Amino acid sequence: MLETVTAHHDADGTPLDPHTAAVEVLNVIRPTVAVAWFLTFAGHALHRWPEHRKLLADGDAAYARAFAHEVRRFYPFAPFVGGIAAADLYWQGQDIPVGSMVLLDLYGQNHDPQLWPKPYIFDPRRFVGREPGRDELVPQGGGDPATNHRCPGEDVTLTVLETLVPRLAALHYDVPEQDLSIPLRRIPTAPRSGFLMNPRLY
Ligand code: HEM
């Protein structure tokens, strides 16, 4: 591993120190695993509500994007993001003294009935023909990614999902007996058995 690591170089050709190189490797692995997690949820949704498969498999691009947004809204993944108040604040009737930890409840906002009618119904049509507002859908953090606790990889995540979900929908596979319940006591969470598929080879 160390040999691989020392083979990496900065833009100016200086070898990266092992710590920085290891962080860079993790920076590639961590988001790749995170997107695979959402793709598992997408497989779960296609299995639970197979009525979405035809539109996706037929190549309806707007529906694929809407489906990707709805997977990110509906399923529990990043539960909250946190920050420490850098100064005394007064916000929406609440005193927040410097040094307090403030959490943004991502799952709560993504299931707030005032923003999302029938929030526990999986319905990609919420997003057909419209992009959600910045402060509306927050599965990957809130605010502006340049300055706040929001993921800068959101566009990449969406592109990967809207590319792979139609392919998943077009695959022929069987779903063996397994435990597809999703525990809400785990962070991050996933179906208890993962999502096992047996491809059909005919
Ligand atoms: C399932 C997919 C993903 C989820 C749920 C997710 C979630 C998040 C969240 C909530 C944060 C903010 C943490 C905070 O500031 O408190 C974050 C940061 C970050 N994400 Fe993602 N992410 C995902 C995929 C990706 C992808 C695909 C990339 C890159 C292509 C990426 C790159 C980053 C980076 C670089 C940061 C750190 C930003 C900073 O500290 O300024 N993420 N992610």
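Which residues in helix 2 meet which residues in helix 6? That's a handy way into this predicted model, and the notes below start there.

1. **Helix 2 against helix 6.** From helix 2, the residues involved are Val35, Phe38, Leu39, Ala42, Gly43 and Leu46, and they meet Thr157, Val160, Leu161, Leu164, Val165, Leu168 and Ala169 in helix 6. Sorted by class, that contact has eleven nonpolar and two polar residues, with no charged ones. As for geometry, the two axes come within 10 Å and cross at roughly 35°, and the crossing is right-handed.

2. **Helix 4 against helix 6.** Helix 6 (residues 154-170) also packs with helix 4 (residues 61-74): here the axes come within 8 Å, and the crossing angle is roughly 115°. This crossing is right-handed too. Helix 4 brings Ala64, Arg65, Phe67, Ala68, His69 and Arg72 to the contact, while helix 6 brings Glu154, Thr157, Leu158, Leu161, Glu162, Val165 and Pro166. The class split is seven nonpolar, two polar and four charged. If you're comparing the two contacts, note the charged residues: four with helix 4, none with helix 2. Thr157, Leu161 and Val165 are worth a look on screen, since they turn up in the contact with helix 2 and in the one with helix 4.

3. **The core.** The largest nonpolar core counts 23 residues, and Leu46, Leu56, Phe67, Val71, Tyr75 and Phe122 have the most contacts inside it. Helix 2 (18-48), helix 4 and helix 6 are the elements that give two or more residues to this core. Helix 4 supplies the largest share, with six residues. As background, nonpolar side chains in soluble globular proteins tend to be buried together.

4. **Leu56 in that core.** What does Leu56 touch, once residues up to four places away in sequence are set aside? Its partners are Leu46, Tyr63, Ala64, Phe67, Val165, Pro166 and Ala169. Two of these, Leu46 and Phe67, are on the list of core residues with the most contacts, as is Leu56 itself.

5. **Ala57, next along.** Ala57 lies in helix 3 (residues 53-57) and is partly exposed, at 37% relative accessibility. Beyond its neighbours within four places in sequence, Ala57 is in contact with Pro166, Ala169 and Ala170. Its C-alpha atom is 8.0 Å from that of Leu168, although the two residues are 111 apart along the chain.

6. **Aromatics.** There are ten aromatic pairs in the structure. One of them, Trp37 with Phe77, is stacked, at 5.7 Å centre to centre and 5° between the planes. Trp37 sits in helix 2 and Phe77 in the loop between helix 4 and strand 1 (80-84), so the pair ties together parts that are 40 residues apart in sequence. With the buried cut-off at under 20%, Phe77 at 18% counts as buried, whereas Trp37 at 22% counts as partly exposed. Elsewhere, ring pairs link Phe41, Trp49, Phe67, Phe74, Tyr75 and Phe122 into a cluster. Phe67, Tyr75 and Phe122 also appear among the core residues with the most contacts.

7. **A buried glutamine.** Gln109 belongs to helix 5 (residues 106-110). Its relative accessible area is 18%, so Gln109 is buried. Apart from neighbours within four places in sequence, Gln109 is in contact with Leu104, Leu115, Trp116, Asp135, Glu136 and Val138.

Terms used: Residues are numbered from 1 along each chain as its sequence is written. This is a predicted model: local features need pLDDT of at least 70, side-chain atom pairs count only at pLDDT 80 or more; totals for chains, interfaces and linings use all residues. Side-chain values use heavy atoms; hydrogens and water are left out. Axes are lines fitted to C-alpha atoms, for helices over the stretch in contact, and angles run from 0 to 180 degrees between N-to-C directions. Helices (H or I, at least four residues) and strands (E, at least two) are DSSP runs, numbered from the N terminus. A crossing is left-handed if the near helix is turned anticlockwise from the far one by less than a right angle, and right-handed if clockwise. Contact means heavy atoms within 4.5 Å. Ala, Val, Leu, Ile, Met, Phe, Trp, Tyr, Cys and Pro count as nonpolar, Asp, Glu, Lys and Arg as charged, and the others, Gly among them, as polar. A nonpolar core is a set of buried Ala, Val, Leu, Ile, Met, Phe, Trp, Tyr and Cys residues joined through side-chain atoms within 4.5 Å. Buried means under 20% relative accessible area, exposed over 50%, partly exposed in between (1.4 Å probe, protein chains only). Rings of Phe, Tyr and Trp (its six-membered ring) pair if their centres lie within 6.5 Å; planes under 30 degrees apart count as stacked, over 60 as edge-to-face and the rest as tilted.
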